[in-house]
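Thanks for making time this morning. I would like to walk you through one model and its salt bridges, and I will try to be careful about the criteria as I go.

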Amino acid sequence: MKISTFFEKLLSPYSLIAFNLTIFFSAEFFGGGTYFEETGLMHAIAIVFVVLILIRIFSEYAFSDHILRRFLKIQLGFFLFLGFVHVYEYFGLHYSLIDHEAIELSAMLAYLVWILGVLIGLESVFRIYYKKSAALIATLYAFLLVGVLGIIVLNVSSHELIEEMEEWIPLTGFSLIVVFGALAIASTRKIRKIMPVFKEYSHYAIPAIILMVLTALSEYFESTHYLLDVLDITDTQNLYFAHYFMFAAFSLLLIGFGKLKKPKGIYADM
Amino acid sequence: MDERRKKILVVEDDEHISKVYHVKLSKEGYDTVFAVNGEEGIEKITIEKPDLIILDLMVPKKDGFAVLEEIKKNPDLAKIPVLVLSNLGQQSDKDRAIALGANEYMVKVNYSMQEVVDRARSYLS
């Protein structure tokens, strides 16, 4: 079997569903339901996804036109960034190199950065199609810069500074994720209307964005212990929820990008 | 008698698609000329005077709509049939291209390469 065929099988919906179910049942029922948190395994799984994202990045795509290529490069670049952030989260938490709170908040900001990346990729197409000025894309880049700087600041700040952080700051971060997430969904719906080549991709990208927002919500609750205080849901379970959502979102995106590998019509002859 | 081979000019920035066009159209006995952007397209259409133009709309430098507008304004080129093959699928884009003088509008994901070649042949026979 060719290596590329083997990789494609790894990235098939069936393999990814099986992988996600394995994670879910193993995390919930193995080692009293806390083993995956205690050992850092829940975070370490992100490494597997980074490998899968890399496979997607180096896949052969049927199209090579400048607009679709640029869109794909931006989207896959930010997808890889998100994967790496979670590998960083694993090493940071498991080896206690970085403050726990800082890592949780960094992960939340990483979702904001990813969603902004999705919007920038889409806007790069809309700018050409609608012959728009660079104003909106520049604004998105400005928010992106703020998000990236936020991650850096969090990781170099002292534990005391993070502990004393006003509650409205993470809440603002999460609110921005919701707002930009809604915009990303609207833009993904718009692009599939303009360019039907994105239709199948959008069927996976839209639920993935929703799941990422839910992941950010869980991370936000984890940092505020809200679910523990209000619904008596443990921080471990909260962490698991966040990761189930995230792995499901990663899987959907991997399938979605796969749909762009060989779209229908004339691309089927490539 | 040696009949002149019909010439098809393809304005397309996707090199994968251009390669397939070249193979398929050459097999059908047509000469092919390629342009990777709108400006090059106009230049080559003016020089080559092809028998058919296959035009992508989202191409760099000058988009397909502008190319269409320009060639239809030029009396020497206006009669060349234009088959638009694009990723743009909205009715407004189709209407605009047809209003500008395109003979046919095909969305890339809705037609196979063979169907495109068949349509091209119908304009050249």
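**Salt bridges in chain B**

B:D118 and B:R121 are three residues apart in helix α5 (residues 113-124) of chain B, so about one helical turn separates them; helices here are DSSP runs of H or I with at least four residues, strands are runs of E with at least two, and both are numbered from the N terminus. Their side chains meet in a salt bridge at 3.2 Å, N to O, where the term means a side-chain nitrogen of Lys or Arg within 4 Å of a carboxyl oxygen of Asp or Glu.

I should say that this is a predicted model, in which local features need pLDDT (the predictor's confidence in each residue, from 0 to 100) of at least 70 and side-chain atom pairs count only at pLDDT 80 or more, while totals for chains, interfaces and linings use all residues. Residues are numbered from 1 along each chain as its sequence is written, chains are lettered from A and ligands numbered from 1 in the order in which they are written, and side-chain values use heavy atoms, leaving out hydrogens and water.

A second pair, B:D31 and B:R5, meets at 2.9 Å, N to O; B:D31 lies in strand β2 (residues 31-35) and B:R5 in the segment before β1 (7-11) of chain B, so this salt bridge ties together parts 26 residues apart in sequence.

Finally, B:E12, B:D56 and B:K108 are linked in a network of salt bridges, and B:D56 lies in the loop between β3 (52-55) and α3 (64-73) of chain B.
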